[in-house]
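The following paragraphs lead the reader from the overall architecture of a protein chain to several of its individual residues. Please keep the sequence and the model in view while reading.

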Amino acid sequence: QAQLVESGGGSVEVGGSLRLSCVAPGLRLSRYCMAWFRQPPGKAREFVSAISWHGSRQTFADSVKGRFTIARDNSKNVVFLQMNSLKAEDTAVYYCAARDSGTSSMECTGPVPDHYEIWGRGAQVTVSS
């Protein structure tokens, strides 16, 4: 049973938008720092965005800054990634991740994959050019 489950992936044309959701039915989401990573075809997994416990601090990779937003609803154990102005290079499998080890907002929104203990299985996003 997956503790994090991504949904909302699919195919979209360049310039379009897509919203990913990450649900955590078995967790109290408020205690976890949350993040999104992605793995393009043939490439390593890379950081996309992270959000602190109550959303006060958010970080983004330079490649998506200004185009993507991140949000969370702890009462529903859901984290969102809104992706706008999509580019072909955004094509990837997108993963939701959670960490319980952060002690500051900076740590809570860090980009290092190994710091996140819980992972979803990924959602495919394909942007056609």
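What percentage of the 129 residues of the protein chain count as buried? The figure is 47%. It should be said at the outset that the model is predicted, and that every value discussed here is computed from it.

The overall architecture comes first. One helix and eleven strands make up the secondary structure of the protein chain. Read from the N terminus, the order of the elements is β-β-β-β-β-β-β-β-β-α-β-β; the helix thus follows nine strands and precedes two others. Along the principal axes, the C-alpha atoms fill a box of roughly 40 × 30 × 25 Å. The radius of gyration is 13 Å, which agrees with the value near 14 Å that a compact globule of 129 residues would have.

The contacts and the surface complete this general view. Of the contacts between residues at least 6 apart in sequence, 60% join residues that are at least 24 apart. The chain exposes about 6,400 Å², and carbon and sulfur atoms supply 48% of that area. There are 14 positive and 11 negative charges, and the mean positions of the two groups lie 4 Å apart.

Strand β5, which spans residues 46-51, offers a starting point for the local description, for it holds Ser49. Is Ser49 buried or exposed? Its relative accessibility is 0%, and Ser49 therefore counts as buried, the cut-off being under 20%. A polar atom of the Ser49 side chain lies 2.9 Å from the backbone oxygen of Thr59. When residues up to four places away in sequence are not counted, Ser49 touches Met34, Ala35, Trp36, Thr59, Phe60, Ile70 and Leu81. Thr59 accordingly appears both in this list of contacts and as the partner of the Ser49 side chain.

The next region to consider is the loop between β8 (78-83) and β9 (92-99), where Thr91 is placed. Thr91 has a relative accessibility of 15% and so counts as buried. Which backbone atom of Val127 does the side chain of Thr91 reach? It is the backbone nitrogen, at 2.9 Å. The side chain of Thr91 also reaches the backbone oxygen of Ala88, at 3.0 Å. Neighbours within four places in sequence aside, Thr91 is in contact with Pro40, Pro41, Gln124, Val125, Thr126 and Val127.

Ser85 belongs to this loop between β8 and β9 as well. With a relative accessible area of 43%, Ser85 is partly exposed. Its phi is positive, at about 50°, although Ser85 is not a glycine. A positive phi in a residue other than glycine is also found at Asn77, where the value is near 55°. Asn77 is placed in the loop between β7 (68-73) and β8. Asn77 counts as buried, because its relative accessibility is 16%.

The contacts of Thr91 include Gln124, and this leads to strand β11 (residues 123-128), in which Gln124 is placed. At 41% relative accessibility, Gln124 counts as partly exposed. The side chains of Gln124 and Thr126 are joined by a polar contact of 3.4 Å. Apart from its neighbours within four places in sequence, Gln124 is in contact with Gly9, Gly10, Thr91, Ala92 and Val93.

Ala123 also lies in strand β11. Ala123 is buried, with a relative accessible area of 8%. Again leaving aside neighbours within four places in sequence, Ala123 is in contact with Glu6, Ala92, Val93 and Tyr94. Ala92 and Val93 are therefore listed as contacts of Gln124 and of Ala123 under the cut-off of 4.5 Å between heavy atoms.

How far apart in space are Ala123 and Val5, residues separated by 118 places in sequence? Their C-alpha atoms are 8.8 Å apart. For Gln124 and Val5, which are 119 residues apart in sequence, the C-alpha to C-alpha distance is 13 Å.

Methods: Residues are numbered from 1 along each chain as its sequence is written. This is a predicted model: local features need pLDDT of at least 70, side-chain atom pairs count only at pLDDT 80 or more; totals for chains, interfaces and linings use all residues. Side-chain values use heavy atoms; hydrogens and water are left out. Helices (H or I, at least four residues) and strands (E, at least two) are DSSP runs, numbered from the N terminus. The radius of gyration is taken over C-alpha atoms; the globule rule is 2.2 Å times the number of residues to the power 0.38. Buried means under 20% relative accessible area, exposed over 50%, partly exposed in between (1.4 Å probe, protein chains only). Accessible areas come from the Shrake-Rupley method with a 1.4 Å probe; for residues, only the protein chains shown count as cover. Lys and Arg count as positive and Asp and Glu as negative; His and the chain ends are not counted. The place of a charge is taken as NZ of Lys, CZ of Arg, CG of Asp or CD of Glu. A polar contact is a pair of N or O atoms within 3.5 Å; within protein, one must be able to donate a hydrogen and the other to accept it, and residues adjacent in sequence count only if both atoms are side-chain atoms.
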